[in-house]
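Hello,

As promised, I am handing over the structure we talked about. Please open it first and have a look around before you read on.

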Amino acid sequence: MILGIESSCDETAAAVVTPGGDVLSSIIASQADIHSRYGGVVPEVASRRHLEQISPVIREALFTAGIDLGGVTRIGVTRGPGLIGALLVGLSTAKAMAWACGLPLVPVSHLQGHVASLFLGDEPLEPPFVCLLATGGHTQVLAVRDHCSFERLGTTLDDAAGEAFDKGARLLGLPYPGGAEIDRLAQEGDPSAFSFPVASVPGFDFSFSGLKTSLLYTVRDLGEAATAERRADLAASYQRAIVIALTRRLHQVAKAEGLTRLAVVGGVAANSELRAALPDAAVAPLAYCTDNAAMIASAARYAEPLSPAEALVVDAYASAR
Ligand code: KG4
Ligand code: ZN
């Protein structure tokens with residue numbers, strides 16, 4: 001039984017996953033309500049909340065899975081990228097547990113974790129495939145040729161797609177995190193009402209800052225009353241531009257790499273228009289798109305674990321390597 005622990009941003013999460021990839025429990029304590037009043041995640045507040053939540057969340061994950069610590073055979077924990085203070089809470093907890101219980105530990109990249117969300121359940125996706133990873137912090141296209149690594153072929157030059165959703169939502173006066181809010185509002189709007197730019201940068205990279213600026217100017221020109229009145233159209237048009245940018249790149253990379261299987265992971269994979277635009281792509285179940293610990297436990301299945309003594313010297317890292 002693999003115990004997964006995730007604390008890279010504003011979700012404190014623990015999960016128990018079998019070696020075969022069945023999720024026995026996946027507990028997520030979200031801090032979104034705490035951070036929403038600030039319009040984004042406040043790192044120090046996140047660290048403190050993780051500290052309060054981590055033990056009860058792990059206890060609940062074990063309880064729901066019907067096991068105790070004695071039933072755990074391996075611990076997988078997010079090592080980075082993410083908020084350093086937040087990461088350290090999960091990592092220190094995992095190291096302490098590994099040391100105290102004599103358990104092997106696998107430090108997991110949060111990005112590899114998102115990819116490994118596709119390896120859970122009854123019908124896991126088998127590599128090779130091209131994967132779009134779109135979260136609040138990253139937007140990348142990956143060639144995934146095995147279960148434990150990937151080749152990054154493209155990345156964002158500025159904002160991540162999730163960040164573009166969140167910043168756009170803020171401009172439209174919607175609460176944080178804004179992705180799901182725009183998604184919901186867009187369903188009532190006309191996606192062709194406004195024409196927002198889809199950046200074409202060289203290679204397989206992305207850029208979303210021009211789009212965000214374009215929304216800013218549009219909202220400014222419209223003024224408060226007209227913006228409020230046309231919010232659904234603005235949300236739908238803005239979302240359409242993001243979805244086009246993402247799907248276009250994914251198809252380009254798939255063609256260039258000669259890979260026919262497509263997949264989408266990360267919080268933005270929860271977007272209903274993106275899912276509809278990629279009917280043939282594998283998408284993780286909604287519960288495993290946004291941050292969770294089942295995906296971390298899943299990734300930990302494929303890596304060589306460290307002994308408790310080796311695990312003690314593992315450090316967290318903030319930015320993607
Ligand atoms: O993967 P994730 O939970 O955390 C990170 O690793 O960043 O992704 C969070 C991001 C946020 O930017 C959020 O607005 C976005 O995923 N998101 C969505 C939707 N649900 C979450 N974006 C668009 N449509 C959604 N339905
Ligand atoms: Zn994430």
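Below are some notes on the ligand site and on two peptide bonds.

A word on the source before anything else: this is a predicted model, so please read every value below as computed from it.

**The ligand site**

Let me begin with where ligand 1 is found: this ligand sits in the largest pocket. Three elements each give two or more residues to the shell around it, namely α4 (110–116), α5 (161–171) and α6 (179–186). Both domains take part as well, since the shell draws at least three residues from domain 1 (2–119 + 290–311) and at least three from domain 2 (129–284).

Which residues come nearest to ligand 1? Of the 19 residues around the ligand, they are G136, D166, D183, G267 and D291. By character, the shell divides into eleven polar, five nonpolar and three charged residues.

If you zoom in on the backbone, you will find three polar contacts to look at. A polar backbone atom of G136 is 2.8 Å from an oxygen atom of ligand 1. For G267, the distance from a polar backbone atom to an oxygen atom of the ligand is 3.0 Å. At G162, a backbone N or O atom lies 3.1 Å from an oxygen atom of ligand 1.

How much of ligand 1 does the protein cover? On its own, the ligand has 560 Å² of accessible area, and the protein covers 88% of that.

**Two peptide bonds**

Most peptide bonds are trans, so the next two places deserve a look of their own. The bond from P127 to P128 is cis, with omega near 5°. You can find P128 in the loop between α4 and β6 (129–134).

Further along, Y176 and P177 are also joined by a cis peptide bond, and omega there is about -5°. P177 has its place in the loop between α5 and α6, two helices that also give residues to the shell around ligand 1.

Enjoy exploring the model, and do write back with any questions.

Best wishes

Definitions and conventions:
Residues are numbered from 1 along each chain as its sequence is written. Chains are lettered from A and ligands numbered from 1 in the order in which they are written. This is a predicted model: local features need pLDDT of at least 70, side-chain atom pairs count only at pLDDT 80 or more; totals for chains, interfaces and linings use all residues. Side-chain values use heavy atoms; hydrogens and water are left out. A residue is near a molecule or strand if one of its heavy atoms lies within 4 Å of it. A polar contact is a pair of N or O atoms within 3.5 Å; within protein, one must be able to donate a hydrogen and the other to accept it, and residues adjacent in sequence count only if both atoms are side-chain atoms. Accessible areas come from the Shrake-Rupley method with a 1.4 Å probe; for residues, only the protein chains shown count as cover. On a 1 Å grid over the protein atoms alone, a cavity is a set of points where a 1.4 Å probe fits but cannot get out, and a pocket is an open set with protein on both sides within 12 Å along at least five of seven lines; lining residues have an atom within 4 Å of a point. A molecule sits in a cavity or pocket if more than half of its atoms lie within 2 Å of its grid points. Helices (H or I, at least four residues) and strands (E, at least two) are DSSP runs, numbered from the N terminus. Ala, Val, Leu, Ile, Met, Phe, Trp, Tyr, Cys and Pro count as nonpolar, Asp, Glu, Lys and Arg as charged, and the others, Gly among them, as polar. Domain bounds come from an automatic or database domain assignment.
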